[in-house]
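Before any feature of a model is used, it helps to know how to read it. The dialogue below takes a few such features in turn.

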Amino acid sequence: SPSKMSSRSPPAELLQEMVVPPRQLFGPGPSNMADAIAETQSKNLLGHLHPEFVKIMSDTRLGIQYVFKTQNAYTFAVSGTGHAGMECALVNLLERGDRFLSVEIGLWGARAADLASRMGCEVRKVTAPHGKAVTVEELEKAITEFKPHVVFVCQGESSTGVAQPLEKIGDICHQNGALFLVDTVASLGGTPFDSDALGVDCVYSATQKVLNAPPGLAPISFSDRAIQKIRSRSQRVASFYFDALELGNYWGCDQELKRYHHTAPISTVYALRAALQAIAKEGIDETIERHHKNIQYLYELLKNNNLEPFVEDEKLRLPCLTTIKVPEGVDWKDVASDLMGQGVEIAGGLGATVGKIWRVGTFGINSDRAKIEKVIGLLAAAVNKRRKKQV
Ligand code: PMP
């Protein structure tokens, strides 16, 4: 009987109010939501095929083309976080047995290589020590020797704080029959990126970094060259959810009648539209310029406080995510906990950089002089307290 079925009592924890303390997010993401974006999260839902929502999707597509700097028709957002963008890119661009070359200068190049090997591809890597980037010469040598089908580069390597230069790679890929794939999850809006000028065949990003929106969508774009390769695959794409041609139809990228593919995360699409609108109002180049200008101030504060950036070559530093060396004898975790106790998040290293560095993200609205002064001030105070203890 129904009374027997409901004999278990509901979890007491769930009946209490959810606790969400205020927090300033200066880690590697998520960043804080801008007010205009947060406001969209309580707007009423629309049906995902209602004309008003279709218009919101279409505006969002234009915004994604604007921030990626691309005319690519197949430009949309995958439902899911940055990893969904990565999976969508790889599962469409690669077939079992293809050759995949990954630039591995930190965790993300390793992650992409792992996905490609799960997909049955032959994988090779070009590496550089942590805190450094690979050179075009090294990459060109690997591409001409290995003749990969796809070359993966993470522009903003968030595990080390390096901005991998992208110039010339597109041409080298195309001269050797490879597609050029770029991860801009941690870099888009923080450092220059021009998809069409760089000859990028597929780029993806995420909502929760410079865009200051909640995690849950991965903006992505495929060049005509990439779409041609997808159309001429000999095996069908193994994933329905991530099928680029199906997703492209759903987002209005082709001339066909729009088909139901899945239910878009309506509220998250509202947030992404608001995030793109904020960038459009400031201007994408102006947004990038602001990150570049404010990060100089952060470097100045580090210097004044006797703290050292992990990435030695200033040209290779990501202007929205700074890695800082943990001084000898100081416990990184104690320092991070100290800041967390004051409602401010910074992070430690990731993968091979654990214990060696802190990571301080200044994404979007958090790229602001007053906020930078606060977070570096707190960091320096927490470090100095412990430095004094040593002597
Ligand atoms: N690529 C990079 C460069 C990232 O920094 C991240 C997340 N920090 C990802 C991919 C994966 O994104 P997500 O956590 O949103 O799945």
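What follows is a set of questions and answers on this predicted model.

Q: How should confidence be read here, and what is the mean pLDDT of the chain?
A: Start with the per-residue score, then look at the scores for the model as a whole. The mean pLDDT of the chain is 96, and 97% of its residues reach 70 or more. The model has an ipTM of 0.99 and a pTM of 0.97.

Q: What radius of gyration does the chain have, and how does it agree with a compact globule?
A: The general idea is to set the computed value beside the one expected for the chain length. For 391 residues a compact globule would have a radius of gyration near 21 Å; the chain has 22 Å, so the two agree. The C-alpha trace spans about 70 × 70 × 45 Å along its principal axes.

Q: How many helices and strands does the chain have?
A: The secondary structure comes to 15 helices and 14 strands.

Q: Which residues does UniProt list for the aminotransferase class V domain?
A: An annotation comes from a record, and its span can then be placed on the model. The unreviewed UniProt entry lists "domain: Aminotransferase class V" at residues 46-371. In the model, this span is 40% helix and 17% strand, and its end C-alpha atoms lie 36 Å apart.

Q: Into which domains is the chain divided?
A: A domain may be made of one segment or several, which should be checked before atoms are selected. Domain 1 consists of 24-30 + 284-390, and domain 2 of 35-281. Their centres, taken over C-alpha atoms, are separated by 27 Å. Domain 1 gives 26 residues to the contact and domain 2 gives 28 residues.

Q: Which elements give two or more residues to the side of domain 1 that touches domain 2?
A: These are α13 (284-304) and β11 (321-325). The largest share, four residues, comes from α13. By residue class, this side of domain 1 has 15 nonpolar, eight polar and three charged residues.

Q: Which residues come nearest the ligand?
A: A shell is read by its members and then by their classes. There are 14 residues around the ligand, and T81, G82, H83, S158 and V185 come nearest. The shell divides into seven nonpolar, six polar and one charged.

Q: Where in the backbone is a cis peptide bond found?
A: The angle to read is omega. A cis peptide bond joins G29 and P30, with omega about 0°. P30 is in the loop between β1 (24-25) and α3 (35-40).

Q: Which residue has a positive phi although it is not a glycine?
A: K147 does, with a phi of about 50°. K147 is in the loop between α7 (136-146) and β5 (150-154).

Terms used. Residues numbered from 1 in each chain as written. Predicted model: local features only at pLDDT ≥ 70, side-chain atom pairs only at ≥ 80, totals over all residues. UniProt positions renumbered as here; feature names shortened; annotations may be inferred. pLDDT = per-residue confidence, 0-100. Domains from an automatic or database assignment. Contact = placed C-beta atoms within 7 Å. Nonpolar A, V, L, I, M, F, W, Y, C, P; charged D, E, K, R; others polar. Near = placed C-beta within 6 Å. Rg over C-alpha atoms; globule rule 2.2 N^0.38 Å.
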